[in-house]
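The following exercises concern a predicted model. Each task is followed by a solution in steps.

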Amino acid sequence: MLFNSFEFIFLFLPVVWIVYHFLIRKNFPRTAFSFLVLASLFFYGYWSMAYLTLLMASILVNFAIGKVLQKFPRKHILVTGIVFNLLIIIYYKYSNFFIENVNLFVENKLSLLNLFLPLGISFFTFQQITYLCDIFSGKLKNSQFLNYVLYLTFFPHLLAGPITHYLQMVPQFEKSKTTNYISDKMLAAGWAIFIIGLFKKVVLADHISPISDVLFTNATATSMTFADAWVGTFAYAFQIYYDFSGYSDMAIGLALMFGIELPLNFYSPYKSANIIEFWRCWHMTLSKFLRDYLYIPLGGSRTGGTRRYLNLMIVMLLGGLWHGAGWNFIIWGGLHGTYLIINHAFQRGFKFAGSDRSATIRTGLFTAVTFVAVCVAWVFFRAPNLLSATHILSTALGGKSLSMHFMVLKSAVSINHAPLFAVLIFITWCLPNVSQIFQYQDFNKEVQKVRFYFDQSSPYLMAMGVSVLFFFSVVFLSRVSPFLYFQF
Amino acid sequence: MNYKLFLSKTIKISGLGLLVFFVYNALIDPYEISPLRIPIARINAMKPATDNFGRVHKSYQPLYLNSQTLILGNSRVDRGFRPEDIGDSKVFNGSYPGAVPGELILNIKTAYALNPQLKTILIGVDLMMFNHLRRPSQVEYTISGKNPLSIYLDAVSKFLKMSLSWDTAVQSYKTVVYNLNNTNVVFYSRQGHFSFFDYTPFNEVDRVSDQLLTTYASETDVFKNYKISQQNLEQLQNIIAFCKDTSIELKIFITPTHPVMQELLLQLGLWPDWEEWKRELVKMAPIYDFSTYNEFTTEPLGQDMKYYYEVAHFKPALGAILLRDLLKPEGSHAIVTVQNVDEKLLAHQQQHLQWQKDNPKMSERVHLVLEKLKK
């Protein structure tokens, strides 16, 4: 089930919320948690019952390994657990990629496996690895099965994160046992954040996506202009940001409605003035996971110069592969690894001085350069194959005569797409983000605290604003497309 | 902030907004799917949106009708069969543009689940319906279900979704504007014929025909790089099996195809596919082949044609002749079976060659369209 569906918004969410709160208020916390687990499994199984079995089997095995680790904290047990999780994800996500590449070098071609990728596998696999690592390192002394299942399957973060730790989540559920209620503040903020996320996904991302789809699906089939290449690439940059950050906001908002604070996942990444900052603001929980469970174990920045850069590149290449099984994703990761190495080297070599005004101009310039660099990498991320990606980039970087390009830029692009781009540019670079509006998890601290910026706002004004966003999100949820007769 | 007040106001404001929006769309009912059906003159009595949303419109009709004979097919059948012409009120034309067998089987199952008295189904097919790129593509608003209850639930849920859609609001607005500026135009007749063409006769048969020939030759989901879809053939086989299991009499017919269109197939090198496709069909069941030539189907292209709107769609005058032929109990000379298919195909080839000889200008016209495309 998707958050942006009628079934979820008008049936699943109200029913689950009402029953859960009823049980919590009547002081039946264990029953409430069990109900939430069942509801979350229904949420997941609504998509495919077959993969529900896989999810449950994976949970059982990891919990068992965790119990053994608690008694015998040996490295080989931890390694067994990690390998088990990696084998599942490798089988479902990477086996066909592996076969395709082997087939390039052998005469007797291997057949591809008929596999569908279980939704959310990349997320729940990583979370189970963090669980085992936390037990091994002694951070997590004891865990209960119901809590563990609830932590993993809690529907707001089951399909697309944010990636959380057991210790981030379970104490919050336990807290609701003693308080017996979820505050109006949390409920109000949760609802408002959910609506903002829904609006980002349904209205912003889904309206910009046709522009990028046209470019990327026809990249090699049609003649493309300089303007087409850039407009399509920028469109995709906005699409993926509003799609993913919208989904993360919905997850955060929904969790708040159940009294749970999930970690922040996006903090205006396109406002970043360099790539290091970008990765602190983009998919923050994945960056943190890769830092804590890959970069630091590899030696992190302690190993100095070249080795540090090598570690960075390894982390980014694997991060790219995590996003998808394809060379496109590996190249995307490699590009970001290269950007990060250049950025680190640049930071060490240069110090800027000057007035506030020159600093502002410099920041603006660096922000623009960072955004363009990120967009160039997005071309590999989105393109269906390497040929399409190189075709788009060679056109975008000036593979055709300039006079022709500017002519197209004037006639086609500015007229059709300018208003939508103007709105997106304004929202992206001029408006505060969800964290700033709600002061949700102050960016520079890891303190989990909700303070309300909109505390001072008029409830009428705020209700009007949120209602308008909700109205437009709902009416754009379902599209009824015409069948254009004369084409057929 | 008073959070309770914020929450209650949000629910009230957005709830009221969505309710007004829903009532507006449900009342205007641009696709003519609402159970309310309140026609208001100069507001919503005419439904121009049913033109491009024929699939949605037709999908809902089995909920409100009780027909014994159902005619199905794509735009050719939708425009060409007016059941009112044969005076049988129990016949309904459930066709819509772009229909493929994978969708038609859903329509048949729904119609049968709601009305087990369904006796006869007539299915009109053509070559483009079996293009390998043609899949059931827009079925998100096709009503389906295993029993009447699940069908009604599906219909209600899809009606709610459509009535809360911005796209529907746009169509509602266009409906009101159209009703303010026009009078007495029927888009779909009561028995499902798309009658709009009869109210606005074509003044440009030649231009429209050339446009259609160009589109058909250049679009991959029509005749460009054409391949027969095995999947669509299997779906037709499923329809045959379903009708057999439920004792519904099924008659499959190939729709009339103007010789100019057949000349396009010949010049595109698709005549062998055209014949292979017919052979595949007759392997499944006897077929009524109305694409062969006679005094009606070979009507010269031009203004004031009696039997064709343009090169791709025939008129109800021809549809009525075919419908009588299909419904007469004693059978028809148009029936092709495994036994006579070779003989019929050869005869048809000769008929076309003769037509070519008699109409060199038409053949040249198709050639020019293809030459233009090459450039």
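**Exercise 1.** Determine the handedness and the class of the crossing between α5(A) and α6(A), and list the residues that form the contact.

*Solution.* Step 1: Two packed helices are described by the angle between their axes and the distance between the axes. Step 2: Helix α5 of chain A covers residues 121-136 and helix α6 of chain A covers residues 145-153; their axes come within 10 Å and cross at roughly 140°. Step 3: Angles over 145 degrees would count as roughly antiparallel and those from 65 to 115 as roughly perpendicular, so α5(A) is oblique to α6(A). Step 4: The crossing in which α5(A) passes α6(A) is right-handed. Step 5: From α5(A), the residues Phe124(A), Gln127(A), Gln128(A), Thr130(A) and Tyr131(A) meet Tyr148(A), Tyr151(A) and Leu152(A) of α6(A). Step 6: By type, the residues of this contact comprise 5 nonpolar, 3 polar and no charged.

**Exercise 2.** Describe the surroundings of Thr164(A), and decide whether this residue is buried or exposed.

*Solution.* Step 1: Thr164(A) belongs to the loop that runs between α7 (155-158) and α8 (166-179) of chain A. Step 2: The relative accessible area of Thr164(A) is 0%, and buried means under 20%, so the residue is buried. Step 3: Leaving aside residues up to four places away in sequence, Thr164(A) touches Gln127(A), Thr130(A), Tyr151(A), His157(A), Met169(A), Leu262(A) and Pro263(A). Step 4: Among these partners, Gln127(A) and Thr130(A) lie in α5(A) and Tyr151(A) lies in α6(A), where they take part in the contact of the two helices. Step 5: From Thr164(A) to Tyr151(A) there are 13 residues in sequence and 8.6 Å in space, C-alpha to C-alpha.

**Exercise 3.** State the helix and strand content of chain A, its buried fraction and the sequence range of its contacts.

*Solution.* Step 1: Chain A contains 19 helices and 0 strands. Step 2: Of its 488 residues, 53% are buried. Step 3: Among contacts between residues at least 6 apart in sequence, 74% join residues at least 24 apart.

**Exercise 4.** For α9(B) and α12(B), compare the end-to-end span with the expected one, and identify the buried residues.

*Solution.* Step 1: The 16 residues of α9(B) should span 22 Å at 1.5 Å a residue, and the end C-alpha atoms are 22 Å apart, so the two values agree. Step 2: Asn232(B), Leu233(B), Leu236(B), Ile239(B), Ile240(B), Phe242(B) and Cys243(B) are the residues listed as buried in α9(B). Step 3: The buried residues of α9(B) pack against α4 (101-114), β3 (120-125), β4 (249-254) and α11 (271-284) of chain B. Step 4: Helix α12 of chain B (residues 316-327) has 12 residues; from its first C-alpha to its last it reaches 16 Å, close to the expected 16 Å. Step 5: In α12(B), the buried residues are Pro316(B), Leu318(B), Gly319(B), Ala320(B), Leu322(B), Leu323(B), Asp325(B) and Leu326(B).

**Exercise 5.** Characterise the phi angle, location and accessibility of Asn184(B) and of Asn225(B).

*Solution.* Step 1: Most residues other than glycine have a negative phi. Step 2: Phi of Asn184(B) is near 50°, a positive value; phi of Asn225(B) is likewise positive, near 50°. Step 3: Asn184(B) sits in the loop between α6 (166-181) and α7 (196-199) of chain B, whereas Asn225(B) sits in the loop between α8 (205-218) and α9 (230-245) of chain B. Step 4: With a relative accessibility of 68%, Asn184(B) counts as exposed. Step 5: Asn225(B), at 56%, also counts as exposed.

Note on methods: Residues numbered from 1 in each chain as written. Chains lettered and ligands numbered in written order. Predicted model: local features only at pLDDT ≥ 70, side-chain atom pairs only at ≥ 80, totals over all residues. Heavy atoms only, no water. Axes fitted to C-alpha atoms, helices over the stretch in contact; angles between N-to-C directions. Helix = DSSP H or I, 4+ residues; strand = E, 2+ residues; numbered from the N terminus. Parallel < 35°, antiparallel > 145°, perpendicular 65-115°, else oblique. Left-handed = near helix turned anticlockwise from the far one by under 90°. Contact = heavy atoms within 4.5 Å. Nonpolar A, V, L, I, M, F, W, Y, C, P; charged D, E, K, R; others polar. Expected span 1.5 Å × (residues − 1). Buried < 20%, exposed > 50% of the residue type's maximum accessible area, 1.4 Å probe, protein only.
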